[in-house]
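Opened the file today and went through it piece by piece. These are my notes, in the order I looked things up.

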Amino acid sequence: MCGIIGYCGPRKASDVLLTGLKRLEYRGYDSSGISVGSAEGLQIYKKEGKIQVLRDTVPESLEGNWGIGHTRWATHGGVSDVNAHPHCSCDGKIAICHNGIIENYMSLKDRLEGEGHRFLADTDSEVIAHLVESFYEGNLEAAVKLSVSLLKGTYGILVMHSDHPDEIIGARNGSPMVLGLGDGEMFIASDVSAMIAHTKQVVYFEDGEVVRLDSGGYEVTDMRNRPVDKTVDSISWELEEMEKGAYSHFMLKEIHEQIESIPRAMGGRIDEDLATAVLGGLNMSEMELLGVKRIVIIAAGTSYYAGRVAAYLLESLARIPSVTELASELRYRNPIVEEGTLYFAMSQSGETLDTLMAVRELQRKGARVLGICNVVGSTIARESDGGVYIHSGPEIAVASTKAFTSQLTAMYLFLLKMARMRHMAWPEGKRFIAGLTGLQPGIKKILENEDGIRKLAKKYHKARDFLFLGRGVNFPVAMEGALKLKEVAYIHAEGYSAAEIKHGPIALINELTPSLLIVPDDHLRDKVLSNMKEIKARKGPVIALCVEGDDEAAQIADDVFFVPKSDELFSPFLMVVPLQLFAYYCALELGRDVDQPRNLAKSVTVE
Ligand code: F6R
């Protein structure tokens, strides 16, 4: 979490920093700050609240051409002006911004206080400013290296010193950091969105690397001062993709973008003649793929639910035992890595720390881990042994929507490939491809009918609790629907298997607790209808999400939203879109901050 940015160049640093922070705001938005260097020393402004509050505080007249900035998602210490970054050394000459968590800050702080350093804030990060001050003897980079060698935890750090004009030192361990190369100017930030307006030439860093940059260039070294050769990458995203355009919120824009993002994830990856998928990025030969005996998908949040859908289908169609596990849990349970098991790390951002650490733990044990990521060049994408980019374009709203369906698309392609190598015959493969490539009109129709969802949201948004119920491949979709409603509308919601409610949750049913049931036209439909009747018998209001023409479901339910008919395999795509819209419109009715819900951040780079 947290976003950091640094700039050296001819422009007014405060403008570059504030605009960059606005783009990084999705990473954390409880407070922010900048430090700008000029002949007068360092000028520091920091404020609790959104970037706009900081913008209103920083004077137009603030001069200075180099600086660092930070947008915070609090971990240690409450949300306040004083706890916002940058933090300063006692002499006010050194300023630092930090993304991550310093686990041993208490012992370092005790030591530094013993040496006479005065701390102002109540955060783990402030210790870095004082450490650098304690080691500083004229060489800022050397002082930063000595400091970070004592840190335990994760960090992306930017440091500046008033006696080192036009210089920034960056260091990384576990938190993302990327350098942007301009013409006579340099940018450094947590991710490319902060600099895409200025440059598309970037350099990604690895853990343990330290960069010294100024407006004319950069040098990267490791902790033993050995130079590190870096390659320059180009960003393919366009600035417009990061703008809201005509939409009132990024979340709505991104829900609508699914019409294009799903086909984009398939682009160039389908072999119609052979009725299979072409996924060169897996870096695995046919023989190796044939040797896969088990698949484990690791992920968090929405990506975890996408993984659950994928595992269900991999097992039932490709006949490969498959499970999805929370990365945060897998990492600490000493998993057994067996030969023949293929792992996938599914992560939109490619930076989720729980997932990244699980990847590393698995790799340490000899596992082959493939990444299913959206952000090109992200840490998980770079550290995994191969994988598939989902190409859904930048996802800015904190609540993930289009990434979910693009993750599904990538995994459906993998599933097709694996199934075709095993039990799926050519005609079945052709039907599968037709189903996957034919999703667009159905999604379009749902979006054209979104007013129906808006009406449901108007009717139900005052509910305090909600049940989302589905079966089979739509059970994880129900959980995803509940997660969306919690995140953006702050309505308590449980996602359950419809079959499971009789084992407990049915006790919650009353006139005030609505249930939303996903009723695709599949082999479990009749069972779900029975569950629906059980809820109605207990006076629970019911919304049914069912396929066009399902009059029976419509008659039992109080309210209904019809989705176009599809092969049951593809129903998760069509069922999740109305759930995303429902959460969005409930949040809107309740006046929530849809794109930046409270307490959340887009990229969860802390444990
Ligand atoms: C939910 C949401 C989160 C993320 C989770 C994993 O809308 O956005 O639950 O899905 O934090 O993030 P990634 O996919 O970036 O690893």
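**Entry 1: strand 6 and its partners**

I started with strand 6, residues 94–102, and checked how covered the strand is: nine of its nine residues are buried. A reminder to myself that this is a predicted model.

Next I looked up what pairs with strand 6. Strand 5 (residues 87–88) is joined to strand 6 by two bridges, and the two run antiparallel. I picked out one pair there: His87 has Ile96 in strand 6 as its bridge partner. Strand 5 and strand 6 form a hairpin with five residues between the strands, and Gly92 in that hairpin takes a positive phi near 75°.

Then I went to strand 7 (residues 153–161), which pairs with strand 6 in the antiparallel sense over nine bridges. Here I noted Ile101, whose bridge partner in strand 7 is Thr154. For my own reference, strands of a sheet pair through backbone hydrogen bonds, either parallel or antiparallel.

**Entry 2: a cis peptide bond**

I went back along the chain to the loop between strand 4 (66–72) and strand 5, where Pro86 sits. The peptide bond from His85 to Pro86 is cis, with omega near 0°. I flagged this since most peptide bonds are trans, just as most residues other than glycine have a negative phi.

**Entry 3: Ser35**

Pro86 came up again when I listed the contacts of Ser35, which also include Leu17, Trp66, Ala95 and Met160, leaving out residues up to four places away in sequence. Ser35 lies in strand 2 (residues 31–38). Buried or exposed, I asked of Ser35? Ser35 has a relative accessible area of 0%, so I put it down as buried. I also took a long-range distance: the C-alpha atoms of Ser35 and Leu415 are 50 Å apart, with the two positions 380 residues apart along the chain.

**Entry 4: the open sheet**

I traced the sheet that includes strand 2. It is an open sheet of eight strands in the order 3-2-4-1-10-9-11-14, and the pairing is antiparallel. Which strands stand at the edges? They are strand 3 (41–48) and strand 14 (233–234); each has a single partner strand, so one side of each is left without a neighbour in the sheet.

Further in, I checked strand 9 (residues 178–181) against strand 11 (residues 201–204): three bridges, antiparallel sense. Gly180 has Val202 in strand 11 as its bridge partner.

**Entry 5: Ser147**

I wanted a helix residue too, and took Ser147 in helix 5 (residues 140–148). Its relative accessible area is 1%, so Ser147 counts as buried, the cut-off being under 20%. What does the side chain of Ser147 have for a polar partner? I found the backbone oxygen of Ala143 at 2.7 Å from a polar atom of that side chain. Leaving out residues up to four places away in sequence, Ser147 touches Leu131, Val132 and Phe135.

**Entry 6: domain 1 against domain 2**

I zoomed out. The chain is divided into domain 1 (3–235), domain 2 (243–437) and domain 3 (445–596). I looked at the first pair: the centres of domain 1 and domain 2, taken over C-alpha atoms, are separated by 34 Å. Eleven residues of domain 1 are in contact with twelve residues of domain 2.

How much area is buried between domain 1 and domain 2? I noted about 910 Å², with carbon and sulfur atoms giving 47% of it. Tyr26, Arg172 and Tyr204 supply 39% of the area that domain 1 buries against domain 2, more than any other three residues.

I then counted the polar side of this interface. There are three salt bridges between domain 1 and domain 2, and six residue pairs in polar contact. I also wrote down a salt bridge between the side chains of Glu243 and Arg23, at 3.0 Å from N to O.

**Entry 7: two asparagines with positive phi**

Last, I checked backbone angles. Asn283 has a positive phi of about 55° although it is not a glycine, and its place is the loop between strand 16 (276–277) and helix 8 (286–290). Asn334 has a positive phi of about 50°, again without being a glycine. I located Asn334 in the loop between helix 10 (327–332) and strand 19 (341–347). With a relative accessible area of 54%, Asn334 is exposed.

Definitions and conventions. Residues numbered from 1 in each chain as written. Predicted model: local features only at pLDDT ≥ 70, side-chain atom pairs only at ≥ 80, totals over all residues. Heavy atoms only, no water. Helix = DSSP H or I, 4+ residues; strand = E, 2+ residues; numbered from the N terminus. Buried < 20%, exposed > 50% of the residue type's maximum accessible area, 1.4 Å probe, protein only. Polar contact = N/O pair within 3.5 Å; in protein donor to acceptor, adjacent residues only side chain to side chain. Contact = heavy atoms within 4.5 Å. Pairing = 2+ DSSP bridges. Domains from an automatic or database assignment. Buried area = accessible area lost by both parts, 1.4 Å probe. Salt bridge = Lys/Arg side-chain N within 4 Å of Asp/Glu carboxyl O.
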